[in-house]
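Okay, thanks for making time, everyone. Let me put the sequence and the structure up on the screen, and then I'll talk you through some pockets, some cavities and a bit of odd backbone.

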Amino acid sequence: MTARATRAGKLLGALCLIPGLLLAAAPSSGADDVRKATRAAYTWKNVRVDGGGFVPGIVFNRTEKNLAYARTDIGGAYRWQEKSRSWTPLLDSVGWNDWGHTGVVSIASDSVQPNKVYAAVGTYTNDWDPGKGAVMRSADRGRTWKKADLPFKLGGNMPGRGMGERLAVDPHDNRVLYLGAPSGHGLWRSTDSGATWSEVTAFPNPGDYRQDPSDPTGYASDNQGIAWVTFDESTGTSGSRTKTVYVGVADKENAVYRSTDAGATWSRLAGQPTGHLAHKGVLDAENGYLYLAYSDKGGPYDGGKGQVWRYATRTGEWKNISPATDADTYYGYSGLSVDRQRPGTVMVTGYSSWFPDTQIFRSTDSGGSWTGAWSYAAYPERTNRYTMDVSSVPWLSWGAHPAPPEQAPKLGWMTEALEIDPFDSDRMMYGTGATVYGTENLRQWDSGGKFTVTPMVKGLEETAVNDIDAPASGAPLLSALGDIGGFRHTDITKVPSLMYTEPNFTSTTSLDHAESDPDTVVRVGQLDSGPRIAFSGDNGATWSAGKEPPGVSGGGTVAASADGSRFVWSPDGTGVHTSGDRGATWTASTGIPQGAVVESDRADAKTFYGFKSGTFYVSRDGGATFAAKASTGLPAEGPVRFKALPGKAGDIWLAGGKTGGTYGLWHSTDSGASFTRVQGVEEADTIGFGKAAPGSDHQTLYTSAKIGAVRGIFRSTDAGESWVRINDDAHQWGWTGAAITGDPRVYGRVYVATNGRGIVYGDTVARRR
């Protein structure tokens, strides 16, 4: 399988997360018998993975050393902490109803007042995200925020998201900001430090490039709009607006515009190249050069041809300074950066070079000549100018042992963000589809030595979490993640050595362990071609692939019997099946519809459950036959998740529904024959169990829900009679509707699945370490 095919599979896996968001994110209409929940003090941290997603933007402040920010496509924004060499999350306060604001399309750091930072937020411009975009502004480096709502959507996870930066602060009059908008909405400006925004009506071109105009979803067919804004700081003085501003537009024939009167009028830059999109525009004011990195596609996945150009701002001369000839180019360019200490030094990436690896180019003579981070010796052998040390994040090797010219770990892919530290010519950071890499001896490149590339990603947790499982023994946590499959976490405070392999799913959609035999684990997920199910007999340490029944197209949900003797699988593409030989053979289940969510009873090894469209199903013969129960009042629409209580046969908790319809939490003690709605819970999307509180004879319940008109993470120690909110407004993480589980060994500990901020876990304050 080629690297390109593998990453395409990751894209499909990521998009599979969307439907659940659509059905669960809108505001509630309320419910009967609302009870006000009390609060409990908790501390919150991340289960460490370190990275795990695309980082399309890195921004250094130009006037304060060591002040840097990173943006992610679905997981918020981060600030660099020099002392700890780690990143601090800045948008955890984004709540359930505004979940789209965890997608960051651009970030800007104010060079006049470095305490100020801005983030343009919004995840999708089509109807996958019901909310409008916004510009967040902070006067304390992202600790707290104020928000200016926009009349249009922004697309932090849309095609073209690696272009930029679309948001920029005037380096002389920092009251002035510009924002490039998608979807034909043009160029916008604020003159009051981001509090209000208005369209720059004089700007002539809102862009016209669409990745796929025929896409009926609106995802690939959206106009990618205005791509970047760059100021020429040599044309202004402190306190007055910068006169010359350059703007990049997603238009292959008209990519670059300029204003020389502080944005009053605009014109297409004369003599510019055509036929490509300008992903980046970076200005070296000292030497009077505007550098432009072009690609034939919007990225971040696609791009087959590209060029790099230099525009002399004082003479108007254009020069093609591409590192490779057109005939030798099979990728687009991006990741453009200038060394502010040595402005003649320029770097650019071949961001879409999937095979055999990404490419990074460097010039020390303003683009007159270039060298690559690697080159061919005698094909397929490579000569690298760098060494890689991923010991701090060892899973970045993917457990791969590829044949040359591919190498593991890879230098990267989707490398649209690369920045040289403006205060340190030896330090450079760049984003990939899975991490942030960097170096602190970059100038070894120029002296003939080798620079060292290491992960610089600690604290930046960007996984999308589909499922989590906390067995009573063995590893404390097993995870099912988008894009990177998932991990067996033997220590939640340390980075795992490797994701699940044999097979390595692009995304794991569901996993389960046998309640009385936690060594037996099953997982299912997405893969370009099967098998899409795997089994473990050692608590997830090693795996073997099972076989598939005919027609499987995706992971779906899976359940292991209480004793591990049988498995029930509800995959995408075909109906529910059962196996008693760890997937060597499968028998089609009867009496249950295709696409049902399946779970097992946690005490009775022969009993399995299913749910779809308001109907609950039960099997008493290991999943061979199911019968619909007569229970009524359950949600007929919207996503539903349910679990059986460990150690107590027939005890089931069910959460889910849809705003405007039936929505809440239900409990059954008779294997689903009847359900009772849990009063006071207006909405609920997940349910999980953990160790009982001291003095309690009932396992602790955890849910992501709306109780007492408040959205949050809640805990009950008395079987749902009363609830305590355990998160706070600073810790909300957008959408948390995929999964939740308590820890069966530690009272009060809860693991929460997020869609882009990884797995967060909470402990009572009494357990603070």
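So, how does the lining of the second largest pocket split by class: how many residues are nonpolar, polar and charged? Before I answer, keep in mind that this is a predicted model. The count comes out as 21 nonpolar residues, ten polar ones and seven charged ones.

Let's stay with that second largest pocket for a moment. Its volume is about 800 Å³, and 38 residues line it. If you want to centre your view there, go to V59, F60, R62, V229 and R340, which lie nearest the pocket's centre. Which strands feed into the lining with at least two residues each? From the N-terminal side you have β3 at 57–60, β7 at 104–109 and β11 at 167–169. Carry on along the chain and you pick up β15 (226–231), β19 (277–284), β23 (334–338) and β30 (417–420), again with at least two lining residues each.

Now for the enclosed spaces. Rolling a probe the size of a water molecule over the atoms shows where empty space is left. How many cavities of 30 Å³ or more does the structure hold? Six. I'll pick the second largest cavity, with about 100 Å³ of space in it. Around that cavity sit 15 lining residues, and G155, M158, P159, P182 and Q224 are the ones closest to its centre. By class, the lining of this cavity has six nonpolar, six polar and three charged residues.

Okay, out to the surface. F355, Y376 and Y379 together make a nonpolar patch of about 340 Å². Y376 belongs to strand β27, residues 374–376. Why does Y376 count as partly exposed? Because its relative accessible area is 37%, which falls between the 20% and 50% cut-offs.

Compare that with M429, which sits in strand β31, residues 428–431. Is M429 buried or exposed? It's buried, because its relative accessible area is 0%. While you're looking at M429, find V453 too: they're 24 residues apart in sequence, and their C-alphas are 9.3 Å apart in space.

Last topic, the backbone. Most residues other than glycine have a negative phi, and most peptide bonds are trans. So here are some places to check if you plan to use these coordinates. Going from G164 to E165, the peptide bond is cis, with omega near 10°. E165 is in the loop between β10 (146–149) and β11, and β11 is one of the strands we met in the pocket lining. There's also a cis bond joining G299 and P300, with omega about 5°. P300 is in a loop as well, the one between β20 (289–295) and β21 (306–312).

Then there are the phi values. W398 has a positive phi, near 60°, and it isn't a glycine. You'll find W398 in the loop between β29 (386–388) and β30. Buried or not? W398 counts as buried because its relative accessibility is 12%, and the cut-off for buried is under 20%.

A719 also has a positive phi near 60°, and its place is the loop between β56 (710–716) and β57 (724–725). A719 counts as partly exposed, because its relative accessibility is 27%.

That's my tour, so over to you for questions.

Conventions. Residues are numbered from 1 along each chain as its sequence is written. This is a predicted model: local features need pLDDT of at least 70, side-chain atom pairs count only at pLDDT 80 or more; totals for chains, interfaces and linings use all residues. Side-chain values use heavy atoms; hydrogens and water are left out. On a 1 Å grid over the protein atoms alone, a cavity is a set of points where a 1.4 Å probe fits but cannot get out, and a pocket is an open set with protein on both sides within 12 Å along at least five of seven lines; lining residues have an atom within 4 Å of a point. Grid points are joined across faces, edges and corners, and a volume is the space filled by probe spheres set on the points. Helices (H or I, at least four residues) and strands (E, at least two) are DSSP runs, numbered from the N terminus. Ala, Val, Leu, Ile, Met, Phe, Trp, Tyr, Cys and Pro count as nonpolar, Asp, Glu, Lys and Arg as charged, and the others, Gly among them, as polar. Patches are made of residues with over 30% relative accessible area and no salt bridge: like charges are joined within 9 Å, nonpolar side chains (Val, Leu, Ile, Met, Phe, Trp, Tyr) within 5 Å. Accessible areas come from the Shrake-Rupley method with a 1.4 Å probe; for residues, only the protein chains shown count as cover. A salt bridge is a side-chain nitrogen of Lys or Arg within 4 Å of a carboxyl oxygen of Asp or Glu. Buried means under 20% relative accessible area, exposed over 50%, partly exposed in between (1.4 Å probe, protein chains only).
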